[in-house]
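Here are my notes on the model you sent over. Have it open beside you while you go through the points below.

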Amino acid sequence: MSGESAGETNPTTHPDFDFSDSDVTCCSSDNILFNLHRVRLGTAAGVFPGAEFDANGEVVQLQEPGEVLEVLFQFVYAEKIGNIEDLEFDLLMQVAEAAEKYQMYAGKAMCDLRFLMLIPRQDCTIPILVHAMKHDVTKLIDASARQACLWPVMKLLAGGYPIHSIYQWAFYLQKCHRLLFADAQTYLDMQIHRDSRGENRLDLERRCCSMAVSHWMNTTMEGLRSLSDFPKFIEDSFRRHQAAMPLCREGLNEWELPCCNILDSVVDLINSGIQDVDTVSFSSILSGKIR
């Protein structure tokens with residue numbers, strides 16, 4: 001019977017990281033060897049090997065698999081850096097965690113830039129937010145929170161959001177909804193509940209339009225997944241309004257096309273609310289700077 005334990009494999013050396021003048025060898029969790037230069041590691045990484053390792057002339061056993069270390073060590077040897085955009089998201093996340101662990105600042109910066117590009121993807125938003133919160137990466141916290149500012153609490157929890165910070169998210173969600181829709185709803189309520197004494201046909205149409213727009217805002221808006229979806233809802237909003245209110249004759253816009261002044265006013269108020277949401281920092285809420 002072979003002396004090799006079941007499940008073990010003989011170490012193999014990564015061909016791209018096998019320097020003949022290396023002075024430190026790292027081994028991945030799946031037995032891939034990386035023959036490297038300690039001075040290059042010391043320059044690129046704030047912590048290496050790491051507090052849990054003893055590197056006294058022996059192979060340094062790392063906890064990460066070879067595919068993660070392959071990308072990580074590209075940040076040490078700039079001439080070997082590949083296209084980080086080609087990485088699958090799960091691998092990118094593992095690389096980012098390793099870059100944080102070993103304080104590889106160039107790697108952290110590149111991963112953060114890639115995360116900023118991936119935040120609009122629904123399957124990436126919450127993992128990026130959780131990663132950013134774990135490592136206090138303010139720009140990622142605020143960008144991913146903005147992307148998810150219409151998402152209910154349960155959706156975040158299902159995606160791995162930490163339950164100990166759920167109060168802060170509920171506060172942020174409430175604040176964003178108030179900024180987005182409160183002024184528009186107040187405007188519509190004034191139109192709907194205005195004094196009906198002496199009301200003429202046009203006043204009645206305005207009241208009916210306001211009720212239709214209020215219904216649109218409170219139902220259609222529930223389908224929004226992010227603020228970036230808002231423009232496409234607006235593109236066909238007048239078509240939907242015309243279907244609901246075929247007698248609407250509110251006016252003509254600057255291009256002499258039929259429009260509804262009430263609907264336009266609501267859209268303008270929500271757009272103004274979006275700008276206000278952009279000023280709300282979820283990272284400041286987490287830190288207690290906004291209460």
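1. The crossing of helix 2 and helix 3 is right-handed; a crossing gets that label if the near helix is turned clockwise from the far one by less than a right angle, and left-handed if anticlockwise. Helices here are DSSP runs of H or I with at least four residues, strands are E runs of at least two, and both are numbered from the N terminus.

2. Before going further, a caveat: this is a predicted model, where local features need pLDDT of at least 70 and side-chain atom pairs count only at pLDDT 80 or more, while totals for chains, interfaces and linings use all residues. Residues are numbered from 1 along each chain as its sequence is written, and side-chain values use heavy atoms, with hydrogens and water left out.

3. Back to that first pair. Helix 2 covers residues 66-74 and helix 3 residues 89-101, and they pack at about 60° with their axes 9 Å apart. The axes are lines fitted to C-alpha atoms, for helices over the stretch in contact, and angles run from 0 to 180 degrees between N-to-C directions. The 60° angle means helix 2 is oblique to helix 3. On the cut-offs, under 35 degrees is roughly parallel, over 145 roughly antiparallel, 65 to 115 roughly perpendicular, and the rest oblique.

4. Who touches whom in this pair? Helix 2 brings Glu67, Val68, Val71 and Leu72, and helix 3 brings Leu91, Gln94, Val95, Ala98 and Ala99, with contact meaning heavy atoms within 4.5 Å. By class, that is seven nonpolar, one polar and one charged residues. (Ala, Val, Leu, Ile, Met, Phe, Trp, Tyr, Cys and Pro count as nonpolar, Asp, Glu, Lys and Arg as charged, and the others, Gly among them, as polar.)

5. Next, helix 5 (residues 122-135) and helix 6 (residues 138-147), which pack at about 150° with their axes 9 Å apart. That angle makes helix 5 roughly antiparallel to helix 6. This crossing is left-handed. Thr125, Ile128, Leu129, Ala132 and Met133 of helix 5 meet Leu140, Ile141, Ser144, Ala145 and Gln147 of helix 6. Here the classes come out as seven nonpolar, three polar and no charged residues.

6. Now strand 3 (residues 32-36), where five of five residues are buried, meaning under 20% relative accessible area (over 50% is exposed, in between is partly exposed; 1.4 Å probe, protein chains only). Ile32, Phe34 and Leu36 sit on one side, Leu33 and Asn35 on the other.

7. What does strand 3 pair with? Strand 1 (residues 12-18) runs parallel to strand 3, joined by three bridges, and threonine 12 is the bridge partner of isoleucine 32. Strand 2 (residues 24-27) is antiparallel to strand 3 over four bridges; strands pair if DSSP finds at least two bridges between them. Threonine 25 partners asparagine 35, and cysteine 26 stands opposite phenylalanine 34. Strands 2 and 3 form a hairpin with four residues between them, and asparagine 31 in the turn has a positive phi of about 65°.

8. Strand 2 has another partner to look at: strand 4 (residues 60-61), in parallel over two bridges. Cysteine 27 stands opposite glutamine 61 there. Val24 and Cys26 point one way from strand 2, Thr25 and Cys27 the other, and all are buried.

9. For the wider view, the protein has 13 helices and six strands. Of its 291 residues, 45% count as buried.
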